[in-house]
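Dear colleague,

I am handing over the structure below, and after it you will find an account of what turned up when I went through it. Please read the two side by side.

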Amino acid sequence: MKIEDTKALYEFIGQLDWLAWLALLILIALVIAYVVIGVADKLYNDDNKKLKRIFTSVVCGVTIGCGIILKIKADSSYTDLIAANSIKSWLQANNQKYKNLMVLAGLITLDPDDTGFDKKATAERADNIKRIIKMYPNEFINCKVDGGDGNGVELIDDNAAKSVDSSVMKMLPFYQSKIVYYMLLKAKPIIDYRTVKDSIDGRCYDSELIDLILAKSKKILIPYARNNTAYIVLNTALAKEWLYTK
């Protein structure tokens, strides 16, 4: 579900390269010049040919100047639309309604020429993402997240959010399997929630999502809290029984 730009003219112009737009602009200017010459003939008599030329030149010059400004604006608008769709597509593809801003900036590209992933490029991309989400308030908002500087991006488009929720529910058995396999393989009967995100599956970034996984695990995975830290306890007997019946 892509973001549709309501500014159809900007989108059309933004998809044209400069050569194509210049050719179109010249054709438009010729048509306008033809109309202007007809108007000038009525405004000025034959003795004022110089005024006719000046009048026609000014109108055509203004037309071309406005066309250049319009092209620059359209290119910027179209680039922003591509960037907004990149953000939305990444969040949907990864079944995440929100993400830490700097982490997101280090994972996505906003346009075909955006390939830098060093610290400076990531910081610039983060600034660009903050600008983009302000331009599309019906799609994204700023939010607070755990970790890092606490700044995040949240997907609020209703259809997209429902799609993510539906995908997450379908993925719960898969996430459960990964957690169980990890704990059995590593012989770790207890792990904290952070381990799930950092070592098992980065898409399990939300403690509420992990709570949901545990609730659906039929007591194979049990939540446990100590010293303000959330843990997962593996019921080894049930886990092995579950494993053999799969």
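Is Arg194 buried or exposed? Arg194 is exposed, with a relative accessible area of 53%. Please keep in mind, here and throughout, that this is a predicted model. Arg194 has a salt-bridge partner in Asp198, and the N to O distance between the two side chains is 3.1 Å. Both residues belong to helix α7 (residues 193-200), and because they are 4 residues apart there, about one helical turn separates them. Asp198, for its part, counts as partly exposed, at 49% relative accessibility.

Before the other details, here is the chain as a whole. It has 246 residues, of which 36% count as buried, and it contains 9 helices and 6 strands. If one takes the contacts between residues at least 6 apart in sequence, 59% of them join residues that are at least 24 apart. The chain exposes about 14900 Å², and carbon and sulfur atoms supply 58% of that area.

Salt bridges

The structure holds 9 salt bridges, including the one within helix α7 described above. In general, side chains of opposite charge can pair when their charged atoms come close.

Another of these salt bridges joins the side chains of Arg131 and Asp80, with 2.9 Å from N to O. This pair links distant parts of the chain, since Arg131 lies in helix α5 (residues 119-135) and Asp80 in helix α3, 51 residues apart. The two partners differ in their surroundings: Arg131 counts as partly exposed at 36% relative accessibility, whereas Asp80 is buried, with a relative accessible area of 6%.

Helix α3 also supplies Lys88, which forms a salt bridge with Glu139, and the closest N and O atoms of that pair are 3.0 Å apart. Here too the partners are 51 residues apart and link distant parts of the chain. Glu139 is buried, with a relative accessible area of 11%, and Lys88 is buried as well, with a value of 3%. Lys88 and Glu139 do not stand alone, for together with Asp157 they are linked in a network of salt bridges.

Aromatic pairs

A search of the whole structure finds 3 aromatic pairs. One of them is formed by Tyr181 and Trp242, which are tilted with respect to each other, at 6.1 Å centre to centre and with 40 degrees between the planes. Tyr181 lies in helix α6 (residues 158-185) and Trp242 in helix α9 (residues 236-245), so this pair ties together parts that are 61 residues apart in sequence. Tyr181 counts as partly exposed, at 37% relative accessibility, while Trp242 is buried, with a relative accessible area of 17%.

Tyr224 and Tyr231 make up another pair, whose ring centres are 6.2 Å apart and whose planes stand at 40 degrees, so that this pair is tilted. Of its two members, Tyr224 counts as partly exposed at 35% relative accessibility, and Tyr231 is buried, with a relative accessible area of 17%. The ring of Tyr231 has a further neighbour in Arg226, whose charged end sits over that ring, 5.3 Å from its centre.

A nonpolar patch and a buried alanine

On the surface, Ile54, Val58 and Val62 form a nonpolar patch, and together they have about 250 Å² of accessible area. Val58 has its place in helix α3 (residues 49-93), the helix that also holds Asp80 and Lys88. With a relative accessible area of 48%, Val58 is partly exposed.

Ala105, in helix α4 (residues 101-105), offers a contrast, as it counts as buried at 0% relative accessibility. Which residues is Ala105 in contact with, leaving aside its neighbours within four places in sequence? They are Phe117, Thr122, Arg125, Ala126 and Ile129. The C-alpha atoms of Ala105 and Asn128, which are 23 residues apart along the chain, are separated by 9.0 Å.

With best wishes

How values were computed. Residues are numbered from 1 along each chain as its sequence is written. This is a predicted model: local features need pLDDT of at least 70, side-chain atom pairs count only at pLDDT 80 or more; totals for chains, interfaces and linings use all residues. Side-chain values use heavy atoms; hydrogens and water are left out. Rings of Phe, Tyr and Trp (its six-membered ring) pair if their centres lie within 6.5 Å; planes under 30 degrees apart count as stacked, over 60 as edge-to-face and the rest as tilted. Helices (H or I, at least four residues) and strands (E, at least two) are DSSP runs, numbered from the N terminus. Buried means under 20% relative accessible area, exposed over 50%, partly exposed in between (1.4 Å probe, protein chains only). A charge sits over a ring if NZ of Lys or CZ of Arg is within 6 Å of the ring centre and within 35 degrees of the ring normal. Contact means heavy atoms within 4.5 Å. Accessible areas come from the Shrake-Rupley method with a 1.4 Å probe; for residues, only the protein chains shown count as cover. Patches are made of residues with over 30% relative accessible area and no salt bridge: like charges are joined within 9 Å, nonpolar side chains (Val, Leu, Ile, Met, Phe, Trp, Tyr) within 5 Å. A salt bridge is a side-chain nitrogen of Lys or Arg within 4 Å of a carboxyl oxygen of Asp or Glu.
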